[in-house]
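Biologist: Before we talk about names and labels, could you show me the model, so that I can ask how each label is earned?

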Amino acid sequence: MREQKRQWWKESVAYQIYPRSFQDSDGDGIGDLRGITERLDYLQYLGIDLLWLSPVYDSPNDDNGYDIRDYQGILDEYGTMEDMDELLEEARKRGIRLVMDLVANHTSDEHAWFIESRSSKDSPKRDWYIWRPGNEGAEPTNWECAFGGSAWEFDEQSGEYYLHCFSKKQPDLNWENVEVRQALYSMIDWWMDKGIAGFRVDAITYIKKNPSFPQLAAEDGRRYAPVEQVSLNQEGILDFLRELKQAALEPRGAITVAEAPGVPLEQIHDFVDDTDGVFTMLFQFNHVDLDIKPGGKAEFIDWDMKKFKDALSLWQRESNRHGWMGLFLENHDHVRSVSKFGDDGECRDLSAKMLAAYYFLMRGTPFIYQGQEIGMTNCQFDSIDEYRDIGSLNLFREETVKGRPASEILDYLGRRSRDQGRTPMQWSDDREAGFTSGTPWIKVNPNYTEINVEQNMRDEFSVLQFYRRLIALRRQHPALVYGYYESLCEESVEIGAYRRVYDSEALIVVCNFTGHRVESAELEEILAGGEPVLSNYETREQGSLRPYEATVYRWAAATGGQ
Ligand code: NOJ
């Protein structure tokens, strides 16, 4: 293992807020900045010290804020810049640092830069976005955007098409243009001056496009092929990223967690490494995307928990040498982990705690997504009218046109829609879960009467209290931060286990991924001589693990836990 530098953000525990769904303070049904400030005491009670805010910038909200109209303005629905300053100040008083979302691959089509760019072919900002003439009356290429349909949108006024890897209201910036890059660096500077700690860096692996703009081979009679083939982690991207680091991030000491789909394991050191890497942390997605066919076909594939743990341990092992992971099971683009990897019925409580122990004590900085800490589950959406996410709505429309039965698409969305992670935070059993006094912008999960923060605070054995114990444990044992990671019981589909070792200390985390008892002689050997320090059961039974049992053992000498 290469010795890792000790850094405060490695020792932190982070929490992600999706502002639209966190806490509404003014009754309009939409979460806001004041709502977040009101809940800072709760976050302090939970024990986190780093907060990632999904976008609160001014936006027409085509993609819930990931389409930015003004990087230096706050969306009215969320409040004002004064509210933002107040949130920063109140968070600071509680020892919580803030990370903003840096959306630099694209802006909104309502951003002043794009309005200027589209105004004429001679506009000084024409080249700030990616414009191409049509190809014999059709789109320049057959690229398909991430939300379905062509990645090109025709602009009547200038008679050309612009590129958008995401929605047509999210035109891609042209990173080849140095003025664009400098404008983004100034914006980064402006936010750092406000006292934020850094950024979660959105879709950053999309910024470089294949310069030859090739036509792609589309599969089985399809018209389009995924834009990712020509826009994800393309050759030359590192020149842009290294400049971004040197010109903007490093001079300000910004911490960064890069959303980096498309980065292969072999490249981890370029993206995230104490010395040479561009970013300070990295999110990889293999463990949450293991259930679908790659390439945007909205189809499930077979998977099991072995695949889940292999996806995680692969990156864990590599991070012993290079880089630092942002550890997560949920975010605003994914479903609830207890519904996907655990049991959101009878064993919800146990399996939510087991999953927590499994990912949280790995090597990296753990991120908790709002509601995960109380074991929030997926929600039953009864019809397409209850969905709000642009990706889900587009998918339903397109697949229906192709003749796919609505029930099949709704089944897919029930298990995959981004809206599953976006239902409002469940604070109490008051109306609308205490999220709003008005009508929520998206349905509240009806199970809020049983699953809510107040109930979790009252019950000393709740999922929330388990997270608090995990946080305390991680703070107490440097091995859980800096320790070497080693997988155990590697061949098992039922047990997930690993060891962390640092200085004179070793800890082992053992989890039963199933809803039945698992016997294991190997386990007793592994745990021999260790002291139990955390479990989701009150007692331990030798030689077996009960349904969804998670247990953590510790040895004071480095020779222990071998
Ligand atoms: C990733 C974000 O997490 C997602 O919500 C968004 O739609 C895309 N990037 C585009 O910004």
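Modeller: In this predicted model, an open sheet of eight strands runs in the order β13-β12-β10-β5-β2-β1-β15-β14, with parallel pairing.

Biologist: What makes β13 and β14 the edge strands?

Modeller: The strands β13 (281–283) and β14 (326–327) each pair on one side only, and that is what the word edge refers to here.

Biologist: How do you know that β14 and β15 count as a pair?

Modeller: Two strands pair if there are at least two bridges between them. Strand β14 and strand β15 (residues 365–369) have two bridges, in the parallel sense, so they meet that cut-off. In β15, the bridge partner of Leu327 is Pro366.

Biologist: In which sense do β8 and β9 pair, and over how many bridges?

Modeller: Strand β8 pairs with strand β9 (residues 160–163) in the antiparallel sense, over four bridges; because at least two bridges are asked for, the four found here satisfy the rule. Trp152 stands opposite Leu163 in β9. The hairpin of β8 and β9 has four residues between the strands, and Gly159 takes a positive phi near 70 degrees there.

Biologist: Which residues surround the ligand?

Modeller: The residues around the ligand are Asp63, Tyr66, His106, Phe147, Phe166, Arg200, Asp202, Glu259, His332, Asp333, Arg418 and Arg422. Each of them is listed because one of its heavy atoms lies within 4 Å of the ligand. By class, this shell has three nonpolar, two polar and seven charged residues.

Biologist: What makes the approach of Arg200, His332 and Arg418 to the ligand a polar contact in each case?

Modeller: The cut-off for a pair of N or O atoms is 3.5 Å. A polar side-chain atom of Arg200 lies 3.0 Å from an oxygen atom of the ligand, a polar side-chain atom of His332 lies 2.8 Å from an oxygen atom of the ligand, and for an N or O atom in the side chain of Arg418 the distance to a ligand oxygen atom is 2.9 Å. These values are within 3.5 Å, so each pair is called a polar contact. As for the ligand as a whole, the protein covers 97% of the 290 Å² of accessible area that the ligand has on its own.

Biologist: Why is the space of about 450 Å³ called a pocket, while other spaces are called cavities?

Modeller: A pocket is an open set of points, whereas a cavity is a set where a 1.4 Å probe fits but cannot get out, so the choice of word depends on whether there is a way out. The second largest pocket has a volume of about 450 Å³, and of the 22 residues that line this pocket, the closest to its centre are Gly148, Gly149, Ser150, Tyr224 and Glu398. The elements β8 (152–155) and α13 (390–401) give two or more residues to its lining, and α13 gives the most, with five residues. Sorted by class, the lining of the second largest pocket holds six nonpolar, seven polar and nine charged residues.

Biologist: How many cavities of 30 Å³ or more does the structure hold, and which residues line the largest cavity?

Modeller: There are four cavities of 30 Å³ or more, and the largest cavity has a volume of about 100 Å³. Among the residues that line the largest cavity are Gln284, His287, Trp315, Leu327 and Tyr359. Helix α10 (305–319) and strand β14 give two or more residues to this lining, with α10 giving the most, three residues.

Biologist: What makes you say that the lining of the largest cavity has no charged residues?

Modeller: Only Asp, Glu, Lys and Arg count as charged, and the lining of the largest cavity divides into eight nonpolar, four polar and no charged residues. The second largest cavity, with a volume of about 50 Å³, has a lining of seven nonpolar, three polar and one charged. Glu330 is one of its lining residues, and Glu belongs to the charged class. The largest share of that lining, three residues, comes from α12.

Methods. Residues are numbered from 1 along each chain as its sequence is written. This is a predicted model: local features need pLDDT of at least 70, side-chain atom pairs count only at pLDDT 80 or more; totals for chains, interfaces and linings use all residues. Side-chain values use heavy atoms; hydrogens and water are left out. A polar contact is a pair of N or O atoms within 3.5 Å; within protein, one must be able to donate a hydrogen and the other to accept it, and residues adjacent in sequence count only if both atoms are side-chain atoms. Accessible areas come from the Shrake-Rupley method with a 1.4 Å probe; for residues, only the protein chains shown count as cover. On a 1 Å grid over the protein atoms alone, a cavity is a set of points where a 1.4 Å probe fits but cannot get out, and a pocket is an open set with protein on both sides within 12 Å along at least five of seven lines; lining residues have an atom within 4 Å of a point. Grid points are joined across faces, edges and corners, and a volume is the space filled by probe spheres set on the points.
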